[in-house]
Amino acid sequence: MSAMDDIADNHDRTNGTTMPSMGPLATVPDTAARRAADSRYPAPAAKHALPTVPPAPLEPSAAARYLLAGIRIALGWIFLWAFLDKLFGWGSATPPAKSVLNGGSPTEGFLSSAKGPFSGFFQSIAGGLVTDLLFMAALLAIGGALILGIGMRLAAAAGAVLTVLMWAAVLPPTNNPFLDEHLVYAAILIVLALLGAGDTLGLGKGWAATSLVRRAGWLR
């Protein structure tokens, strides 16, 4: 018995009281609520939690894919025919005497009659060698890519730039305060590229599978 116990016993005998005996300390039962409150235990996962499923991408129906393919081919023919007519002078919009093969300029007639706020710029480049080469190359490349269904992103970007420039050369349009077919063509080209219109009735899928396009997605 220690000295402190002797002092406690003497005190009790002196005062006539007896210190009550301390029982065993009460323990808190190990319940799920206690474990949840204890930071050492992770909170139990919800039993009925549903897994998060990402939304599936929208796929055009078969009818929509064929409709887009038809629009793509038709628009490609517009560009390709303009190239052929200006090159050979088949008489649709370019007489034979003014064909490229006979020394004519594919841009002089259109750009020299430009109007609107950008007329000075377009008239200054009308009939230039670089202007003619770029214009003819763009018509051929855009038309061929659209018909074949390859390089749709490049074709859409180049076609949109070309048609917007042609729109800017005739501001304001004849039959509308600001809108004409050139802006509509630009919008359609972008939609065709975004919806992968080259995969139907075209070589888009095979083109996308080539090693070159897999390395450079912008050629898709």
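A residue is classed as partly exposed when its relative accessible area falls between the limits for buried, under 20%, and exposed, over 50%. In the predicted model described here, Asp 199 has a relative accessible area of 23% and is therefore partly exposed. Arg 220, at 28% relative accessibility, likewise counts as partly exposed.

These two residues form a salt bridge through their side chains, with an N to O distance of 3.2 Å. The count of salt bridges comes to 1. Asp 199 is located in the loop between α8 and α9, whereas Arg 220 belongs to the segment after α10 (211-215), so the contact ties together parts that are 21 residues apart in sequence.

The loop between α8 and α9 (204-208) also contains Leu 201. The phi angle of Leu 201 is near 55°, a positive value in a residue other than glycine. With a relative accessible area of 52%, Leu 201 is exposed, because the exposed class comprises values over 50%. A further backbone feature is found in the loop between α7 (152-168) and α8 (181-194), where Pro 172 lies. The peptide bond joining Leu 171 and Pro 172 is cis, with omega at about -15°. As a general background to both features, most residues other than glycine have a negative phi, and most peptide bonds are trans.

The largest pocket encloses about 960 Å³ of space. Its lining consists of 36 residues, of which Lys 86, Pro 106, Phe 110, Phe 135 and Met 166 are the closest to the centre of the pocket. Two or more lining residues are contributed by each of α3 (62-88), α4 (108-112), α5 (119-125), α6 (129-148), α7 and α8. By class, the lining of the largest pocket comprises 22 nonpolar, 9 polar and 5 charged residues.

The second largest pocket has a volume of about 260 Å³. It is lined by 12 residues, and those closest to its centre are Glu 59, Pro 60, Arg 65, Leu 195 and Gly 196. The lining of the second largest pocket divides into 6 nonpolar, 2 polar and 4 charged residues. Among the residues closest to the centre of this pocket, Glu 59 and Arg 65 fall in the charged class, Pro 60 and Leu 195 in the nonpolar class, and Gly 196 in the polar class.

Technical notes. Residues numbered from 1 in each chain as written. Predicted model: local features only at pLDDT ≥ 70, side-chain atom pairs only at ≥ 80, totals over all residues. Heavy atoms only, no water. Helix = DSSP H or I, 4+ residues; strand = E, 2+ residues; numbered from the N terminus. Buried < 20%, exposed > 50% of the residue type's maximum accessible area, 1.4 Å probe, protein only. Salt bridge = Lys/Arg side-chain N within 4 Å of Asp/Glu carboxyl O. 1 Å grid on protein atoms, 1.4 Å probe; cavity = no way out; pocket = protein on both sides within 12 Å on 5 of 7 lines; lining within 4 Å. Points joined across faces, edges and corners; volume = space filled by probe spheres on them.
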